[in-house]
Amino acid sequence: MKHNYFSFLILIFLSISTTSIYAQNALTGVIKSAEGIPLSFASIKIRGTNLNVRADTLGKFKINTNQPIPFYLQVSSVGYKPQDFQILKLQDTPIELVLVEDALLDQIVVTSRRRSEVLQDVPIAITVIGGQAAENAGAFNVNRLKELVPSVQLYASNARNTTLNIRGLGSTFGLTNDGIDPGVGFYVDGVYHARPAATSTDFLDIEQIEVIRGPQGTLFGKNTTAGAFNITTTKPTQTPTAKAEISVGNYNFIQGKASVSGGLAKNLAAKLSISGTQRDGTIWNTLEERKYSGQNNLGLKGQLYFTPTDKLQILVSGDVSIQHPAGYPLVIAGVTTTKRSAFRQYAQIVSDLGYHQPKIDPFSREINTNTPWRHNQSIGGLSVNVDYKLGHGTLTSTTAWRFWNWDPTNDRDFSELSALTKSQGNSRHDQYSQEFRYSGNITEKLSGVVGVFALSQNLQGLGQTEEVGKDQWRFVQTSNTGAQALYATPGLLDGFGITTNSTIKSLSTAVFAQADWEFLENFHVLPGLRYTYDKKDVDYNQVTYGGLQTTDAALLTLKSAVYSNQQFITSTDNNNLSGNITLSYRPNNNLNAYGTFSTAYKPVGVNVGGLPTIANGQADLSLAVVKPEFVKHYELGIKTKPAKGAILNVTAFNTDIKDYQTNVQSPQLGVNRGYLANAEKVNVKGLEIDGTYQLKRFLTLNAAVAYLGGKYVKFTNAPLPLEETGNTEIINGVATQVAFKDASGGRLPGISKWNISGGTELSTSGNLATKVGRYFVAADASYRSGYSSNPTPSSILNVDAYALLNARAGFRSEKFSIFVWSRNLTGTDYFEQLQAAAGNSGLYAGVLGDPRTYGATLRFTF
């Protein structure tokens, strides 16, 4: 009895003692916004534990803990940036914790100048899109960002044939030639991605995307003549976190994303992310009875983040993306009459071969090609970023290796004919890059960046194949008399083709620096300088195969006029000194006015897509090397905050390019992917206006307008447009067929004069079951006026203006979101690109924009 009584007293004592301990460790407080408004139902958690509470309607909370001091409180609320607060001591009075609104417009931080700065303080034209905003808008890769940023143009018939331009400049428009460098830099976590195919991969854990407009060479590793994409991803965290997302839609669309992050050891965190996208095709092949233009993507990314001291951070990243879509075919868009004889018009050719004219109904989304389309690729790499705080700045080392494998098949006659039956540009690319950079404050009035950069690339064309079939003889036959009649010899061109093996080994090195000096109060001068050395070694070997095996000299001559052996080895190098100077006036936080003059340069190019032949049938080696581009750029800009929550920025620019590198289409079959050439001079000028407005958490508005005018100032040796193929001119009193024309004054391809985008979101607080959050409805709209889709201005190959509307509506809370969405809500039919079929007989095909798609997305955060 005594024993039980004693035990009972001990239990009471322990209970009282425990209650006393917890009471002594109770922490009370209130969560508020920057404006002092209490944040209802904010989440509060003690980092590293499962102890958590939720604030009440007045933002007040109380949490009991026995954690040793100091410890961290993790505080979050829908629409605000999650934040950790260190608790150094417990106090009797409630503590006040302040959260900053997520994506606060005038506090967006960018790293475009290789250090963290508020966007509006940077004297460069930049558009920033948050990772979450991009995902909400359905922009899960770069291709879909063009609807959000009017100055960006991206046109792609497949991943390899991608044109990524800013303000109409950057890459050649149309079919890609691997021998040219892009003019728009593409960086992910500081790593330069050399191949345009990188733009087709799905985003993984994107923090934000900075689209930097205008030449950039004194801040970034690779010189860029038109701008850069600077993409940063979220880093691993010591605190265990995870998120998952699933989207479903029409065309059997399904996309899943998952990410998990946490600490592995003291100061070592890891993150693993995976993404998968699949969608049925939107184009039906009536011959094969299968769908094309679908999606089948898988992406994986892993990161280790080591922070042994406050001064040292090491990020190791590895990623791979595998895409096996059902191919991206072009559809027949039309047939035009050329200036060739009636015998060589497309309608007569197909009639003589016993076929009917193709159905010209591109938006029926039907094709009848007889060669399967395939566009398989794998792309990925490894990188190590080391940041070390040294003095008043940071020393950064970025080391990376990346690869790209490309395995395609295309039917380049775009029809049921066995004409140009196969086009396979198989490629393998490896790149190694190293950048060392120091950025920071030298004095109170002087800051800057200095760095060195090296990029080595090995790009191989592996057994690239072009092959024709039994119907090709009629396309190359110029008449049915004389030697030309022999083209009808049975089997002459059946299975006749070329196999090409090529290698481009390139090296690019540079030293660059830029300073920011406040020489007078509020007046800044920003000089920059860059020295670049580039070298390219090319080994090209093209060998014919197949067709009728014969010793007949006349037949061999006919075959060689279609395809011939080509082989050359060449090496070229060049160096360049370029730079810029900017004057900036920043009297207060609401105004930043600046003016910039810069010079830039794009390296020498080489042709590895087949060369036109000269009179003796040999390759024209004078076209093997393409001159580098030289750019002069002028820009005036003003960044303002006219009212609370509002931003309005205006930029005007003028860009002149000497020896503009352009991709031209030869009427010769053996160079059907086109070849590179120089236009003597081009000019692009424009005006950009963009504004945003944010009213608390209830309303956001954004709008942007870009006016672009681009023309060939001088292009005297431009290829003929499709409709002028076969044109003759009187030369010395004789009617002579010509292959070129003077396109001076003509507009540049791919540039819309007017580009407009805008969006809005309305939201209100509410509950969904037990979840506290916000209901929202949002829409994004974009418009592009018509543009030329041919290197030389054409009356036929022009894409008409089009407008697109995307919308979404749903509910989001701190750790849960659900919404429905639609892209191209109005079901607009539009082309993204038009191009002449090989041989220029009058047929042309187009790349279709996506039809209306819709679906729903469910997102969790743990």
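In which loop is P70 found? P70 sits in the loop between β4, residues 60-64, and β5, residues 71-76. I start there because of the backbone: the peptide bond that joins I69 and P70 is cis, with omega at about 0°.

Before going further, a reminder that this is a predicted model. The mean pLDDT of the protein chain is 87, and 92% of its residues reach 70 or more. Two stretches deserve a note. Over residues 5-24 the pLDDT is below 50, and beyond near neighbours in sequence that stretch has 3 contacts in the model. Over residues 669-673 the pLDDT is also below 50, but here the model shows 32 contacts beyond near neighbours in sequence.

Now the layout. The chain is divided into three parts: domain 1 covers 25-99, domain 2 covers 109-233, and domain 3 covers 241-861.

I will take the pair of domain 1 and domain 3. Their C-alpha centres lie 48 Å apart. On the domain 1 side 10 residues take part in the contact, and on the domain 3 side 9 residues do. How much area do the two bury between them? The figure is about 710 Å², with 57% of it on carbon and sulfur atoms. Within domain 1, the residues that lose the most area to domain 3 are E35, F41 and V78; together they account for 57% of what that side buries.

What about specific polar pairs across this interface? The rule finds 0 salt bridges between domain 1 and domain 3. For residue pairs in polar contact, both at pLDDT 80 or more, the count is again 0. By residue class, the side of domain 1 that touches domain 3 divides into 5 nonpolar, 3 polar and 2 charged.

Salt bridges do occur in the structure, which holds 25 of them. One of them pairs D181 with K536, with the closest N and O atoms 2.9 Å apart. D181 lies in the loop between β12 (162-166) and β13 (184-188), while K536 belongs to strand β32, residues 523-545, so this salt bridge ties together parts that are 355 residues apart in sequence.

One last backbone item. D189 has a positive phi, about 50°, although it is not a glycine. Where is D189 found? D189 is in the loop between β13 and β14, the latter being residues 191-192.

Conventions
Residues numbered from 1 in each chain as written. Predicted model: local features only at pLDDT ≥ 70, side-chain atom pairs only at ≥ 80, totals over all residues. Heavy atoms only, no water. Domains from an automatic or database assignment. Contact = heavy atoms within 4.5 Å. Buried area = accessible area lost by both parts, 1.4 Å probe. Salt bridge = Lys/Arg side-chain N within 4 Å of Asp/Glu carboxyl O. Polar contact = N/O pair within 3.5 Å; in protein donor to acceptor, adjacent residues only side chain to side chain. Nonpolar A, V, L, I, M, F, W, Y, C, P; charged D, E, K, R; others polar. pLDDT = per-residue confidence, 0-100. Helix = DSSP H or I, 4+ residues; strand = E, 2+ residues; numbered from the N terminus.
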